[in-house]
Amino acid sequence: MILTTFLFFLALFFLIGITSYFFSKKTTADYLVAGKSVHPALVGLSAVATNNSGFMFIGMIGATYAMGLSSIWLMIGWIAGDWFAQRSSVSAIQKSAQIPEVHSFGGLISHWIAAPSAHRLRQLIGLLTIVFLIVYAAAQLKAGTKATQALLDWPEETGILLAAFIIFVYSLVGGIRASIWTDMAQSIVMLSGMIIMTVFGLSAIGGLDSFDQQLNQVSDHYMNWFPEGMTGLSAALFVFGWIFGGMGVIGQPHIVIRFMTLNPKYTAGQMQRYYYAWFIVFYGLTITVGLISRLLIPSTENFDAEMALPTLATQLMPEIFTGLVLAALFAATMSTVDSLILSCSASLTRDLTTNPSQSLFLTKLSTFSVLLIAVLIALSNNQTVFSLVLDAWGLLGSAFGPLILWLAFKQKIDQAWSIATILGGLLGFVLFSHFQLFPDVYTITFGILSGLVVATIGSRFSQS
């Protein structure tokens with residue numbers, strides 16, 4: 001029954017993606033940005049599903065299992081930073097995206113600085129987008145196999161190839177419209193899976209009162225507001241770092257492209273109502289499930305906290321609901337992978353060349369090529385490569401976040417200083433990460449601040 005339920009939802013996602021073909025206009029613009037005509041509900045749910053990858057089901061639940069209540073600051077800081085960045089920039093992104101020639105992340109930025117012929121800037125953005133997002137996509141494909149290995153006893157390769165096949169077919173026929181439509185369905189399944197886990201978990205514990213009592217008995221510090229030994233300045237810096245982590249959303253090409261698809265007759269605020277309503281509920285449930293798992297699954301030296309969700313699902317629920325949770329986890333990874341692949345495809349055909357391709361065939365061929373490379377990396381089982389995904393969000397946010405925020409606040413900057421801002425943000429992130437300076441602060445903080453410092457200096461000397 002687990003397998004049947006799981007395959008049912010995968011078939012549903014596949015059919016929804018295929019259906020988008022009949023609404024496609026068979027143009028490059030429609031393939032890459034859905035004609036910039038998408039309803040705010042679809043954009044909001046697609047963007048938030050893309051944002052919340054398999055990390056939420058695997059990493060965040062595992063972090064809460066280990067950290068306890070203090071993991072709530074990851075939620076508070078992340079959503080606050082995300083909100084600040086979006087409120088500062090998404091309206092400007094939507095306006096700049098209305099230029100007919102803008103179909104990619106690099107094209108958005110180069111036209112935004114009033115330099116559509118800024119080839120070096122576009123090529124740098126395109127190159128960084130492709131390199132980081134292919135590795136990110138490979139790691140997401142691999143992350144989705146954790147649960148299929150645990151619950152279905154599948155070889156790792158089976159889950160990777162199944163997800164890649166489904167994504168390839170619907171992305172090929174429907175482009176970003178197929179990605180957005182399937183993201184919406186996946187967001188519903190993801191939220192449903194987390195709600196079901198919470199209900200069954202609280203029932204097994206004995207209700208909310210028993211839940212609270214048992215949590216306070218885990219250890220002396222498990223229900224503290226901050227990690228053990230962290231007070232005053234260190235606690236403030238800890239929260240500060242996660243706020244910057246949330247701000248990194250505006251530097252993620254695969255999420256920004258979704259904002260570019262928003263129909264101009266709607267506002268960014270209308271889209272964000274759907275985005276944040278889902279985000280707050282889902283993140284809160286994720287932390288709750290992490291705490292529940294700590295009570296129902298004994299902590300042992302050999303237990304992998306990232307396996308808390310699949311382990312809990314098999315212990316608590318009938319197989320039909322376990323299959324739903326497995327589908328939700330798989331959907332979380334797929335909703336991110338298809339977005340990453342299509343963003344890379346846009347960069348490959350629009351940003352790396354001085355004459356952006358208008359060929360729909362070449363654009364689809366690039367989609368296939370990018371996905372193939374991601375699959376090969378995922379199948380290589382190179383753990384060094386997959387460790388890079390831990391920094392992928394920070395690297396992208398540090399590289400592009402400061403420049404987009406700077407442009408959103410209508411500050412002038414030219415091509416040369418835009419490039420310097422990108423490199424400055426990357427350098428700040430890499431240096432602070434390598435030397436492990438301020439280890440309690442998420443390193444993206446220093447990447448974004450470094451980029452903003454460079455942009456401030458550059459504005460004084462900018463030629464634009």
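Start by colouring the Lys, Arg, Asp and Glu side chains: the protein chain carries 19 positive and 20 negative charges, and the mean positions of the two sets lie 21 Å apart. Keep in mind as you go that this is a predicted model.

**Whole chain, cartoon view.** Now switch to cartoon and look at the fold. You'll be looking at 20 helices and 0 strands. The radius of gyration is 21 Å, close to the 23 Å that the globule rule gives for 464 residues, so the chain is as compact as a globular protein of that length. Turn the C-alpha trace along its principal axes and you get a span of about 65 × 55 × 40 Å.

**Surface view.** Next, put a surface on. The protein chain exposes about 17,800 Å², with carbon and sulfur atoms supplying 66% of that area. As for what's tucked away, buried residues account for 60% of the 464 in the chain.

**Contacts along the sequence.** If you like contact maps, pull one up here. Take the contacts between residues at least 6 apart in sequence: 83% of them join residues at least 24 apart.

**Zoom in on Ser418.** Select residues 415–434 to light up helix H19, then pick out Ser418 within that helix. Is Ser418 buried or exposed? Ser418 counts as buried, because its relative accessibility is 0%, and the cut-off for buried is under 20%.

Which residues does Ser418 touch, leaving aside its neighbours within four places in sequence? Show the side chains of Ile113, Leu121, Leu403 and Ile413: Ser418 is in contact with each of these.

Notes
Residues numbered from 1 in each chain as written. Predicted model: local features only at pLDDT ≥ 70, side-chain atom pairs only at ≥ 80, totals over all residues. Heavy atoms only, no water. Helix = DSSP H or I, 4+ residues; strand = E, 2+ residues; numbered from the N terminus. Rg over C-alpha atoms; globule rule 2.2 N^0.38 Å. Buried < 20%, exposed > 50% of the residue type's maximum accessible area, 1.4 Å probe, protein only. Contact = heavy atoms within 4.5 Å. Areas by Shrake-Rupley, 256 points an atom, 1.4 Å probe, with all protein chains shown as cover. Lys, Arg positive; Asp, Glu negative; His and termini not counted. Charge placed at Lys NZ, Arg CZ, Asp CG, Glu CD.
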